[in-house]
Amino acid sequence: MPKSTQGGQPKQEELPSTLQRSDAKAQRTFAKTHDSAAEQYGDGRRAHQTAFAALKHGYEKVGDHWEPKEHPGPSDSRAAEGRRVQRPPRAASMRTRRRSTSWTWPAGSTSDVAPG
């Protein structure tokens, strides 16, 4: 269900209660992001999570409402550092293994029927 009107204003009855008590920009951010995500992912959990992720980039929840952050950006200190998780290297056999693209009859075969 769309969270904003045709004019781009958030629908108060569609917003979560914490956003209803927040400023207009927080409401617009959530509503527009939710509507855009709902078009792409469908109106469900993923759209809701995407909208809250966008809201959390510039706002933080304080008590029962959202307030602007001093510095927009990720709340997670690990995300702010920009580190990537190091994955273990792949096994050598996975890198060098190749699949045969053609099939041949075994040596000494007398069959005249092609494999099916």
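**Figure 1. Five helices and two strands make up the secondary structure of this protein.** What you're looking at is a predicted model. Walk along the sequence and the elements come up in the order α-α-α-β-β-α-α. The protein has 116 residues, and 22% of them are buried. If you take the contacts between residues at least 6 apart in sequence, 31% of those join residues at least 24 apart. The close-ups below pick out a helix pair, a hairpin, a salt bridge and a few single residues.

**Figure 2. Helices H2 and H3 pack against each other at an angle of about 145 degrees.** H2 covers residues 24–41 and H3 covers residues 45–58, and their axes sit 8 Å apart. As for handedness, H2 passes H3 in a right-handed crossing. Which residues meet here? On the H2 side they are Ala26, Thr29, Phe30, Thr33, His34, Ala37, Ala38 and Tyr41. On the H3 side, look for Arg46, Ala47, His48, Thr50, Ala51, Phe52, Ala54 and Leu55. Sorted by class, the contact of H2 with H3 comes to ten nonpolar, five polar and one charged residues.

**Figure 3. Strands E1 and E2 form a hairpin with two residues between them.** E1 runs over 59–62 and E2 over 65–68. The two strands pair in the antiparallel sense, over four bridges. Two of the partnerships are picked out here: Lys61 has Trp66 in E2 as its bridge partner, and Glu60 has Glu67 in E2. In the turn, check the backbone of Gly63, where phi is positive at about 65 degrees.

**Figure 4. Arg21 and Asp64 form a salt bridge.** How many salt bridges does the structure hold? Just one. In the Arg21 and Asp64 pair, the closest N and O atoms are 3.2 Å apart. The pair ties together distant parts of the chain, with the two positions 43 residues apart in sequence numbering. Arg21 belongs to the loop between helix H1 (17–20) and H2, while Asp64 belongs to the loop between E1 and E2. Is Arg21 buried, partly exposed or exposed? Arg21 counts as partly exposed because its relative accessibility is 43%. Asp64 has a relative accessible area of 40%, so it is partly exposed too.

**Figure 5. Asp23, in the loop between H1 and H2, is shown with its contacts.** Setting aside neighbours within four places in sequence, Asp23 is in contact with Tyr59 and Pro68. Trp66 is also worth finding in this view: Asp23 and Trp66 are 43 residues apart in sequence, yet 7.7 Å apart from C-alpha to C-alpha. Asp23 is partly exposed because its relative accessible area is 33%.

**Figure 6. Pro68 in strand E2 is the centre of this close-up.** Which residues does Pro68 touch, if you don't count those up to four places away in sequence? They are Asp23, Gly58 and Tyr59. Ser22 gives another reference point for this view: Pro68 and Ser22 are 46 residues apart in sequence and 9.6 Å apart in space, C-alpha to C-alpha. With a relative accessible area of 49%, Pro68 is rated partly exposed, because the exposed class takes only values over 50%.

**Figure 7. Lys11 is found in the segment before H1.** Try locating Arg28 alongside Lys11: the two are 17 residues apart along the chain, and their C-alpha atoms are separated by 9.3 Å. Why is Lys11 called partly exposed? Its relative accessible area is 24%, and the buried class needs a value under 20%, so Lys11 falls in the partly exposed class.

How values were computed
Residues are numbered from 1 along each chain as its sequence is written. This is a predicted model: local features need pLDDT of at least 70, side-chain atom pairs count only at pLDDT 80 or more; totals for chains, interfaces and linings use all residues. Side-chain values use heavy atoms; hydrogens and water are left out. Axes are lines fitted to C-alpha atoms, for helices over the stretch in contact, and angles run from 0 to 180 degrees between N-to-C directions. A crossing is left-handed if the near helix is turned anticlockwise from the far one by less than a right angle, and right-handed if clockwise. Contact means heavy atoms within 4.5 Å. Ala, Val, Leu, Ile, Met, Phe, Trp, Tyr, Cys and Pro count as nonpolar, Asp, Glu, Lys and Arg as charged, and the others, Gly among them, as polar. A salt bridge is a side-chain nitrogen of Lys or Arg within 4 Å of a carboxyl oxygen of Asp or Glu. Buried means under 20% relative accessible area, exposed over 50%, partly exposed in between (1.4 Å probe, protein chains only). Two strands pair if DSSP finds at least two bridges between them.
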